[in-house]
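The following report describes a single protein chain for a reader who has its sequence and model at hand. It moves from charged pairs to sheets, helices and the nonpolar core.

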Amino acid sequence: MNATDRTPADLLSSALAADPGRPLVTFYDDATGERVELSVATFANWVAKTANLLQDELSVEPGDRVALLLPAHWQTAVWLLACASVGVIADVAGDPAAADVAVSGPEPETLDAARACPGPRIALALRPLGGRFPQPPEGFADYAVEVPGQGDRFVPYAPVDPEEPALIVAGREFTGAEVVERARAEAPELGLTGPGSRLLSGLPFDTWEGLRTGLYGPLATGGSVVLCRNLDRLGDEALDKRVESERVTVIAR
């Protein structure tokens, strides 16, 4: 990664320039058996499309707040980087009533909460391969319907200021620069030693620890993450096999 990277979006740009074909996020859902592997290039393409959706279709501007009512999932990681690309604040598990946009998973309780948002509301079915809802929830646009038609390249209308707020999680606000600096500084304690490190995380995304482990730390060090949802359903023997098959170097659970 480049020493000049100041925002999470910068980290992704550097990863794309360095090695677009390497795996970045490998996602498992141990409740459904789903496995998805995204290279840096594929992940960056999803980020670009989502950022274009935010900027052009949802008309967000730098400083706006996007409430992310989503679990630890590869699509959540995409939304976090898309928000960073536009310069809006990703408010993880934040109050939708105080947000400009609300993004919800398919669970009835988060959909109900997201309806308090006075602005646009987006729902994610979180189905394999980014599949859509059979019927979109009332009052929501279906992410899987809206995002495919967006552009594959993204350019923000205004440069993203690394010193402006970029992330809120567990009540703590971070600037883009703080996200990058903390991810780099804390990487060694996670066992992320640089390119080639491969971290398996079963942590939720509703704390800084979960986000640094499941996204920002690997991204900041040139590593990759095996992101596991419902990891508690996997037995020890099956976990050992996954660690071996995925060439995991460190586990966080």
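How many salt bridges does the structure hold? It holds 14 salt bridges, a salt bridge being a side-chain nitrogen of Lys or Arg within 4 Å of a carboxyl oxygen of Asp or Glu. This is a predicted model, in which local features need pLDDT of at least 70 and side-chain atom pairs count only at pLDDT 80 or more, while totals for chains, interfaces and linings use all residues. Residues are numbered from 1 along each chain as its sequence is written, and side-chain values use heavy atoms, with hydrogens and water left out.

**Salt bridges**

Three of the pairs are listed here with the separation of their closest N and O atoms.

| Basic residue | Acidic residue | Closest N and O atoms |
|---|---|---|
| K49 | D152 | 2.8 Å |
| R229 | E107 | 3.2 Å |
| R115 | D112 | 3.0 Å |

D152 forms a salt bridge with K49. D152 lies in the loop between helix 5 (143–146) and strand 8, whereas K49 belongs to helix 2 (residues 40–57), so this pair ties together parts that are 103 residues apart in sequence. Helices (H or I, at least four residues) and strands (E, at least two) are DSSP runs, numbered from the N terminus. K49 is buried, with a relative accessible area of 13%, and D152 is partly exposed at 48%; buried means under 20% relative accessible area, exposed over 50%, and partly exposed in between (1.4 Å probe, protein chains only).

R229 forms a salt bridge with E107. This pair, too, links distant parts of the chain, 122 residues apart, with R229 in strand 11 (residues 224–229) and E107 in the loop between strand 5 (101–104) and helix 4 (108–114). In the pair of R115 and D112, R115 is partly exposed, with a relative accessible area of 36%, while D112 counts as exposed at 52% relative accessibility. In addition, R35, E37, R198 and E246 are linked in a network of salt bridges.

**The five-stranded sheet**

The protein chain has eight helices and 12 strands. Five strands form an open sheet in the order 2-1-11-10-12, with mixed pairing; two strands pair if DSSP finds at least two bridges between them. Its edge strands are strand 2 (34–39) and strand 12 (250–252), each of which pairs on one side only. Neighbouring strands of this sheet are turned by 15° against each other on average, direction ignored.

Strand 10 (residues 198–201) and strand 11 pair in the parallel sense over four bridges, and R198 has S224 in strand 11 as its bridge partner. Helix 3 (residues 74–86) packs on this sheet, touching strand 1 (23–29), strand 2 and strand 11, and its direction makes about 35° with that of strand 2. Helix 7 (residues 208–221) also packs on the sheet, touching strand 1, strand 10, strand 11 and strand 12, and its direction makes about 170° with that of strand 11. Such angles run from 0 to 180 degrees between N-to-C directions, with axes fitted to C-alpha atoms, for helices over the stretch in contact, and contact means heavy atoms within 4.5 Å.

Strand 1 and strand 2 run antiparallel and are joined by six bridges, with T26 standing opposite E37 in strand 2. These two strands form a hairpin with four residues between them, and G33 in the turn has a positive phi of about 85°.

**The seven-stranded sheet**

Another open sheet, also of mixed pairing, has seven strands in the order 7-6-5-3-4-8-9. Strand 7 (141–142) and strand 9 (172–175) stand at its edges, each with a single partner strand, so one side of each is left without a neighbour in the sheet. Strand 6 (residues 121–123) and strand 7 run parallel and are joined by two bridges, in which I122 has A141 as its partner. Helix 6 (residues 176–190) lies across strand 8 (165–169) and strand 9, running at about 95° to strand 9.

**Core and overall form**

In soluble globular proteins, nonpolar side chains tend to be buried together. Here the largest nonpolar core (a set of buried Ala, Val, Leu, Ile, Met, Phe, Trp, Tyr and Cys residues joined through side-chain atoms within 4.5 Å) has 58 residues, and those with the most contacts inside it are F43, W79, L80, L167 and Y216. Not counting residues up to four places away in sequence, L167 touches several residues, including L80, I89, V92, F174, W208 and Y216.

Of the 253 residues of the protein chain, 57% count as buried. Among contacts between residues at least 6 apart in sequence, 66% join residues at least 24 apart.
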